[in-house]
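Here are a few exercises to help you find your way around. Have a go at each task before you read its solution.

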Amino acid sequence: MRKSILALSCAVSLSACSLIGKNNVATDSEYDEAFAGCRNYFFQSKWRSEKVPVCPGSEGLVLLPPTFPPGLIFLGYSPQPSHVQFLRELIEKLVEDESRPQVAILVPRLENSEVYRLFNKFLEPPYADFVRFIPVPTDEALWVQDYFEVAVSNSTGRGTIFDLPHVSRDEDSTPAAVALSCQMGYVAQESLPKSKDYPGHGDFGGNIAPFPGNLIVAGNNLTATTQKVLDVNLAQDLMTVNTAWGDPGMVNEIFGVLRVRAQPADQCDFAITHAAPRLALELIKASKSGSGEFQISPPIPEGKDAIPVVQRDDFSPCMELIAQDKVASAPAKTRKLCEELLKANETYAQIIDEGLTAITEEVKKRTNCAEIKTVPLPLVFAPERIKAKYGQWDDHAVNLNPNPVNSIPVGPLLVVPRQILPTFHDDVERKLKSLGLDLHYIDGSFVHYLKGGIQSTSSVVRMCRPQPGTPNQEAKVERSPNKSPKPVRAQGTVRLPAQSEQD
């Protein structure tokens with residue numbers, strides 16, 4: 001369950017965000033020192049590097065996919081022990097990398113003292129050179145990617161925060177606080193017509209995913225209101241795919257982009273990952289489980305009192321039966337349950353395949369890639385209830401194993417949730433290592449049981465060099481707010497979620 005955050009506060013970390021003048025000129029070494037932190041010029045010293053690619057498209061703001069290098073990563077804090085351990089592990093991993101991005105951890109207003117106690121080690125060198133803590137006006141700050149997206153101006157390289165609707169519109173002020181702290185541009189939420197139309201998960205940042213070819217892929221549960229904000233302010237086209245059957249039903253739970261290292265010059269340097277229910281079921285069968293309990297879901301982590309109890313059909317007995325190919329011989333009630341699980345996953349697989357085809361065809365046209373590598377990763381989904389028909393908006397289907405598609409790409413490092421089932425782990429590791437990535441596994445059980453993935457606890461701001469010949473000044477999007485949205489290639493109808501879909 002994704003809880004709302006946010007009550008207004010004027011507390012901002014001055015140490016993280018000293019003012020840098022727009023006309024300030026400095027050497028690379030001076031930049032490296034001055035821009036340590038979340039300040040908006042944090043990557044300016046790297047523009048001259050050949051490793052930082054040129055910004056895509058025409059003048060304006062763009063969301064950059066993982067084919068671009070990271071300059072800054074926002075991370076959400078939660079006091080849950082496994083998440084604290086994840087943050088500490090990631091910092092320790094990044095300190096080994098000279099090209100590491102800056103790290104900014106958002107700290108809820110009631111957690112400052114505890115965060116200081118747990119992370120005071122990281123206030124000293126060598127960590128202090130790239131780690132910052134930003135107090136934010138909220139009681140919770142876990143789901144960073146869902147609160148906001150950061151677009152980059154392709155004429156200046158500066159970042160602009162898009163404030164996305166969350167659960168409580170009146171109290172949602174964290175994106176504005178981060179924009180103030182990091183001296184970024186700010187695009188406010190659009191006024192919504194009625195409270196009953198307040199967006200659900202469809203308008204969260206995880207449902208707005210940049211892909212190569214200057215393309216944004218969104219779920220068909222994105223509201224028309226938020227779609228208009230993106231269209232008016234981004235110099236990118238948007239297409240939608242069917243994600244509304246899922247819970248939370250976001251694009252980044254089903255599709256992803258990863259940079260492929262050491263790729264031949266005549267091949268594209270990225271791959272598209274996707275959830276693969278059929279593959280997951282085949283791997284369960286291949287596991288040849290013996291007697292005893294068979295699990296693909298992680299154990300409920302410490303701090304389980306913070307995890308809500310949700311009444312859903314329990315499909316866990318089916319895993320052992322599928323592994324032993326004994327569904328047909330199971331008692332009638334259990335057999336029906338497992339047959340419906342298989343039926344639902346076949347439907348989800350068909351929907352995912354349709355979305356994958358639409359995305360790859362569109363990306364091919366925009367990148368001139370003759371072939372795009374696609375990487376299926378095992379994921380089993382379970383609908384909330386047995387139904388006559390699956391793939392509908394009220395399926396509220398959740399993944400039963402930690403989501404390997406929902407990973408955090410940080411340059412050559414890929415942070416991946418650890419799989420419980422060995423055949424899942426082996427498959428994920430083999431495929432991701434074949435892309436030339438450095439894998440780091442973490443315990444993703446905490447966010448898994450909150451119906452989320454680890455990527456949604458982060459927001460990676462990526463770097464690009466301003467287009468040659470463009471003035472180094474703040475880009476202004478020359479679009480009228482009254483302009484009609486661009487045509488949208490959609491597989492499904494854009495839907496206004498009902499208020500009951502909120503957690």
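**Exercise 1: a pair within one helix**

Lys431 and Asp427 sit four residues apart in helix 10 (residues 422-433), about one turn of the helix. Helices here are DSSP runs of H or I with at least four residues, strands are runs of E with at least two, and both are numbered from the N terminus. Before going on, note that this is a predicted model, where local features need pLDDT of at least 70 and side-chain atom pairs count only at pLDDT 80 or more, while totals for chains, interfaces and linings use all residues. Residues are numbered from 1 along each chain as its sequence is written, and side-chain values use heavy atoms, with hydrogens and water left out.

Task: work out how the side chains of Lys431 and Asp427 meet, and whether the two residues are buried or exposed.

Solution. Start with the contact: the two side chains form a salt bridge, 3.1 Å from N to O. That term asks for a side-chain nitrogen of Lys or Arg within 4 Å of a carboxyl oxygen of Asp or Glu. Next, the surroundings: Lys431 and Asp427 are both buried. Buried means under 20% relative accessible area, exposed over 50%, and partly exposed in between (1.4 Å probe, protein chains only).

**Exercise 2: a pair further apart**

Task: find where Arg259 and Asp269 lie in the chain.

Solution. First, their side chains meet in a salt bridge at 3.2 Å, N to O. Arg259 belongs to strand 11 (residues 255-259), and Asp269 to the loop between strand 11 and strand 12 (270-276), so the pair, ten residues apart, links distant parts of the chain. Then check accessibility: Arg259 is partly exposed at 33%, and Asp269 is partly exposed at 31%.

**Exercise 3: an open sheet**

Task: which strands stand at the edges of the sheet with the order 4-3-2-19?

Solution. Begin with the layout: four strands form this open sheet, and the pairing is mixed. Strand 4 (131-136) and strand 19 (458-462) are at the edges; each has a single partner strand, so one side of each lacks a neighbour in the sheet. Two strands pair if DSSP finds at least two bridges between them. Now zoom in: strand 3 (residues 102-108) and strand 4 run parallel and are joined by six bridges. Ala104 stands opposite Arg132 in strand 4. Finally, look at what covers the sheet: helix 2 (residues 81-94) packs on it, touching strand 2 (70-76), strand 3 and strand 4. Touching is contact, meaning heavy atoms within 4.5 Å.

How values were computed. Axes are lines fitted to C-alpha atoms, for helices over the stretch in contact, and angles run from 0 to 180 degrees between N-to-C directions.
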